[in-house]
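Here is a short report on one protein chain. Look over the sequence and the fold before reading on.

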Amino acid sequence: MQHEAALSPKSRPVVALQKPNSIWRDALYRLTRNRAALLSGIFLMLLLVVTVFAEQIAPYDPLVADFTAIRQPPSAAHWFGTDEIGRDVFSRVVFGARISLFVGFVVQFLATVIGVVLGLSAGYYGGWADMLIMRAVDIMYALPPFLF
C-alpha cells in the first residue's frame, strides 16, 4: 500500500475500462445462443410473413367449394388435399393463420394489461388490496392452466 501511495497519478498503470453492453445487445447475444428460441422466432416470423401475404401464397379461395374435388388426397393441385365440400385445405390453413395470430396477440396484450394494472394496484395501495390480489393469483395458480 505504501508503494502505491508513493506513485504519482501519472505513473500509475492505465486500466482500460470496458464499454458496458446494452440490454438489447445482451438479449440478442443470449437469443442467438438459445437454439429453441431462435427456431421459434424464425417460425413466428415465417408465420407472420405467410399471414401478411396470404392472398399471394394461397392458390385457391378458402371459402369456395368445388364439388368435383371432394376429399381429394394431397396432390400437385391441392398440396394438403381438399375437405368434405371440396375446399383447398392448404388455402384454409394459410388464411386460418391470420385468425390464430390475431387471437394470440390480442390475448397476450390483454393479459399484459391486466397483469400490469393489478401489479401496479397491489404495489401502490399495498395492504388489503395487495393481499386480495395475491390470493386471487394463488387461486389461479391452484387451478389447471388449461382452464385459463
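The sections below go from the overall fold to helix packing, salt bridges and backbone details.

## Overall fold

This is a predicted model. The protein chain has six helices and zero strands. From the N terminus on, its elements run α-α-α-α-α-α.

The protein chain has 148 residues, and 15% of them count as buried. Contacts in the chain can also be viewed by sequence separation. Taking those with a separation of 6 or more, 38% join residues 24 or more positions apart.

## Helix α5

Helix α5 covers residues 89–125, which makes 37 residues. Does its length point to a straight or a bent course, and what span should the 37 residues give at 1.5 Å a residue? The expected span is 54 Å. The end C-alpha atoms are 53 Å apart, so the two values agree.

Several residues of α5 are buried: F90, S91, V94, A97, L101 and A122. The buried residues of α5 pack against three helices. These are α3 (35–52), α4 (54–57) and α6 (127–142).

## Two buried residues of α5

V94 lies in helix α5. Its relative accessibility is 4%, so V94 counts as buried, the cut-off being under 20%. Which residues does V94 touch, not counting those up to four places away in sequence? They are V50, A54, I57 and A58. V94 and A58 are 36 residues apart along the chain, yet their C-alpha atoms are separated by 6.5 Å.

L101 is also placed in helix α5. With a relative accessible area of 12%, L101 is buried. Leaving aside neighbours within four places in sequence, L101 is in contact with L44, L47, L48 and T51. L101 and L48 are 53 residues apart in sequence. In space, their C-alpha atoms are 7.9 Å apart.

## Packing of α5 and α6

G126 follows α5. The phi of G126 is positive, near 60°. Helices α5 and α6 then pack at an angle of about 145°. Their axes are 7 Å apart. The crossing of the two helices is left-handed.

Which residues make this contact? From α5 come L118, S121, A122 and Y125. From α6 come G127, A129, D130 and I133. By class, the contact has five nonpolar, two polar and one charged residues. A122 of this contact is also one of the buried residues of α5.

## Salt bridges

How many salt bridges does a search of the whole structure find? The search finds four. Among them is the pair D83 and R87, with the closest N and O atoms 2.8 Å apart. Both D83 and R87 are buried. D83 has a relative accessibility of 10%, so D83 falls under the 20% cut-off. D83 also meets R92 in a salt bridge, at 3.9 Å from N to O. R92 is partly exposed, with a relative accessible area of 32%.

Another salt bridge joins D138 and R135. Here the closest N and O atoms are 3.1 Å apart. D138 and R135 are three residues apart in helix α6, so about one helical turn separates them. An α-helix has 3.6 residues a turn, so residues three or four places apart point the same way. D138 is partly exposed, with a relative accessible area of 35%. R135 is partly exposed too, at 44% relative accessibility. Elsewhere, shared partners join D83, R87 and R92 into one network of salt bridges.

## A positive phi at R71

Where is R71 placed? R71 is in the loop between α4 and α5. Is R71 buried or exposed? At 59% relative accessibility, R71 counts as exposed.

The phi of R71 is near 50°, a positive value in a residue other than glycine. Most residues other than glycine have a negative phi.

Conventions
Residues are numbered from 1 along each chain as its sequence is written. This is a predicted model: local features need pLDDT of at least 70, side-chain atom pairs count only at pLDDT 80 or more; totals for chains, interfaces and linings use all residues. Side-chain values use heavy atoms; hydrogens and water are left out. Helices (H or I, at least four residues) and strands (E, at least two) are DSSP runs, numbered from the N terminus. The expected span of a helix is 1.5 Å times one less than its number of residues. Buried means under 20% relative accessible area, exposed over 50%, partly exposed in between (1.4 Å probe, protein chains only). Contact means heavy atoms within 4.5 Å. A salt bridge is a side-chain nitrogen of Lys or Arg within 4 Å of a carboxyl oxygen of Asp or Glu. Axes are lines fitted to C-alpha atoms, for helices over the stretch in contact, and angles run from 0 to 180 degrees between N-to-C directions. A crossing is left-handed if the near helix is turned anticlockwise from the far one by less than a right angle, and right-handed if clockwise. Ala, Val, Leu, Ile, Met, Phe, Trp, Tyr, Cys and Pro count as nonpolar, Asp, Glu, Lys and Arg as charged, and the others, Gly among them, as polar.
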